[in-house]
Amino acid sequence: KRRWVYLPEGTTVDASDFRRWEFPVGTRFWKEFSFTGRRVETRVLWKASSNRWVAGSYVWNADGTDAVLTDDGVMGAAQIAPGRQHNVPSRSDCAACHGAAGGPLGFNPLQLSNDRDPNAIHGEPLTRDMITLQTLIDDQRLSGLDAAWRKAPPRINTRDPQTRAVLGYLSGNCGACHNSDGQISAQVPSFHYADLLDGADALAEQMTGQQTRWQAPGRAEGTLLIDTASPDQSALLLRMRSRRPSSQMPPLGTVVQDQQAIDAIRAWISSLTGGARH
């Protein structure tokens, strides 16, 4: 994937609410998907007015010279793995992920932080051409940012690096839906980045042994979000492994298991005991 962002000349992002940045009208985000060197899809997110974001997906032709907007999506646009295809989302799929607000999901203070986690799952080395919180500050593209974040970039503070890496992954991949702002906020603890910065260890303990509404197939008793006695029976791992539409997590945008993340989270669960760290 490759990503770009455009902010209209002379505008700034209102960062006074650390939990939710407000982008100027005209802001655009792009995300391009390529497979085996061939561009397949480019997604666009455009803030068309003060309260309206417009999303769309463009599908590239075989020689990469032209892309056409699709409303209904495209099934099987490219092969990811044997028997697994990349599907271009429809407009309704875009709305399902981005929610009522419709804004970007990953362009936030934590994921842009210069305090990079060296153990991050799928972490990328910081390069000079990447946009970070500091580059936005240096370019005077943020207004209202708390002075504390100008001095010390945000990070998930935990007692150990393993927990930081796991919660960082859950924040980036689950926090858009599982947060204290959404309709499903009561089902699991909040993974919103603003809720993780200083309360991460308490969150990890809260997740341990918590009953879930989702019931694992074939089990007569309730399923635990994190089951330290049987890590592989934890709802968190069961749903990450599943690719059945009724149970997989994330519910959209993924057709293969994230094995690296599954392995890392299983190792983390195995290191827990009774909700406390060794």
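Contact here means heavy atoms within 4.5 Å. Keep that in mind for the exercises below, and remember that this is a predicted model.

**Exercise 1. Which residues is Ile80 in contact with, leaving aside its neighbours within four places in sequence?**

Solution. Start by finding Ile80: it lies in strand E7, which covers residues 74–81. Next, skip the neighbours within four places in sequence and list what is left: Phe35, Gln85, His86, Val255 and Val256. Then check the surface. Ile80 has 38% relative accessibility, and partly exposed is the class between 20% and 50%, so Ile80 counts as partly exposed. Finally, look at Thr36, which is 44 residues from Ile80 along the chain; their C-alpha atoms are separated by 9.4 Å.

**Exercise 2. How does the overall size of the chain fit with the globule rule for 278 residues?**

Solution. Begin with the parts list: the chain has eight helices and eleven strands. Now take the radius of gyration, 20 Å, and set it beside the 19 Å from the globule rule; the two are close, so the chain is as compact as a globular protein of that length. For the outline, the C-alpha trace spans about 55 × 50 × 35 Å along its principal axes. Two percentages fill in the picture. Buried residues account for 39% of the 278. And if you take contacts between residues at least 6 apart in sequence, 49% of them join residues at least 24 apart.

**Exercise 3. Which residues touch the most other members of the largest nonpolar core?**

Solution. This core has 28 residues, and the ones to pick out are Leu167, Leu170, Met207, Ile265 and Trp268. Step two is to ask where the core comes from. At least two residues each are supplied by H4, helix H5 (193–196), helix H6 (200–207), helix H7 (235–241) and helix H8 (259–270). Of these, H8 gives the most, with five residues. There is also a second, separate core of 15 residues, with Ala15, Trp21, Leu136 and Leu142 among them. To finish, zoom in on Leu167: apart from neighbours within four places in sequence, Leu167 is in contact with Ile156, Leu196, Ala200, Leu203 and Met207.

**Exercise 4. Which residues are the closest to the centre of the second largest pocket?**

Solution. First, get a feel for the space: this pocket holds about 1,000 Å³. A total of 37 residues line the pocket, and His98, Ala101, Leu105, Ala176 and Asn179 are the closest to its centre. Next, go element by element: strand E5 (52–60), helix H1 (91–98) and helix H4 (161–174) are the ones that give two or more residues to the lining. H1 provides the largest share, three residues. Last, sort the lining by class, and you get 17 nonpolar, 14 polar and six charged residues.

**Exercise 5. What is the sign of phi in His122 and in Gln140?**

Solution. Take His122 to begin with. Phi is near 65° there, so to speak on the positive side, in a residue other than glycine. His122 sits in the loop between H1 and helix H2 (133–138), and its relative accessible area of 40% makes it partly exposed. Now for Gln140: phi is about 55°, again a positive value in a residue that is not a glycine. Gln140 is in the loop between H2 and strand E9 (142–143). With a relative accessible area of 63%, Gln140 is exposed.

**Exercise 6. Where does a cis peptide bond join Met249 to its partner, and what is omega?**

Solution. The partner is Pro250, and omega is about -5°. To place this on the chain, find Pro250 in the loop between H7 and H8.

**Exercise 7. Is Asp14 buried, exposed or partly exposed?**

Solution. Locate Asp14 in strand E2, residues 13–14. Its relative accessible area is 33%, which puts Asp14 in the partly exposed class. Leaving aside neighbours within four places in sequence, Asp14 is in contact with Trp21, Glu22 and Ser143. Arg141 is 127 residues from Asp14 along the chain, and their C-alpha atoms are 8.8 Å apart.

**Exercise 8. Is Lys151 buried or exposed?**

Solution. Look in helix H3, residues 147–151, where Lys151 is found. At a relative accessible area of 74%, Lys151 is exposed. As a last step, turn to Gln134, 17 residues from Lys151 along the chain: the C-alpha atoms of the two are separated by 9.8 Å.

Definitions and conventions: Residues are numbered from 1 along each chain as its sequence is written. This is a predicted model: local features need pLDDT of at least 70, side-chain atom pairs count only at pLDDT 80 or more; totals for chains, interfaces and linings use all residues. Side-chain values use heavy atoms; hydrogens and water are left out. On a 1 Å grid over the protein atoms alone, a cavity is a set of points where a 1.4 Å probe fits but cannot get out, and a pocket is an open set with protein on both sides within 12 Å along at least five of seven lines; lining residues have an atom within 4 Å of a point. Grid points are joined across faces, edges and corners, and a volume is the space filled by probe spheres set on the points. Helices (H or I, at least four residues) and strands (E, at least two) are DSSP runs, numbered from the N terminus. Ala, Val, Leu, Ile, Met, Phe, Trp, Tyr, Cys and Pro count as nonpolar, Asp, Glu, Lys and Arg as charged, and the others, Gly among them, as polar. A nonpolar core is a set of buried Ala, Val, Leu, Ile, Met, Phe, Trp, Tyr and Cys residues joined through side-chain atoms within 4.5 Å. Buried means under 20% relative accessible area, exposed over 50%, partly exposed in between (1.4 Å probe, protein chains only). The radius of gyration is taken over C-alpha atoms; the globule rule is 2.2 Å times the number of residues to the power 0.38.
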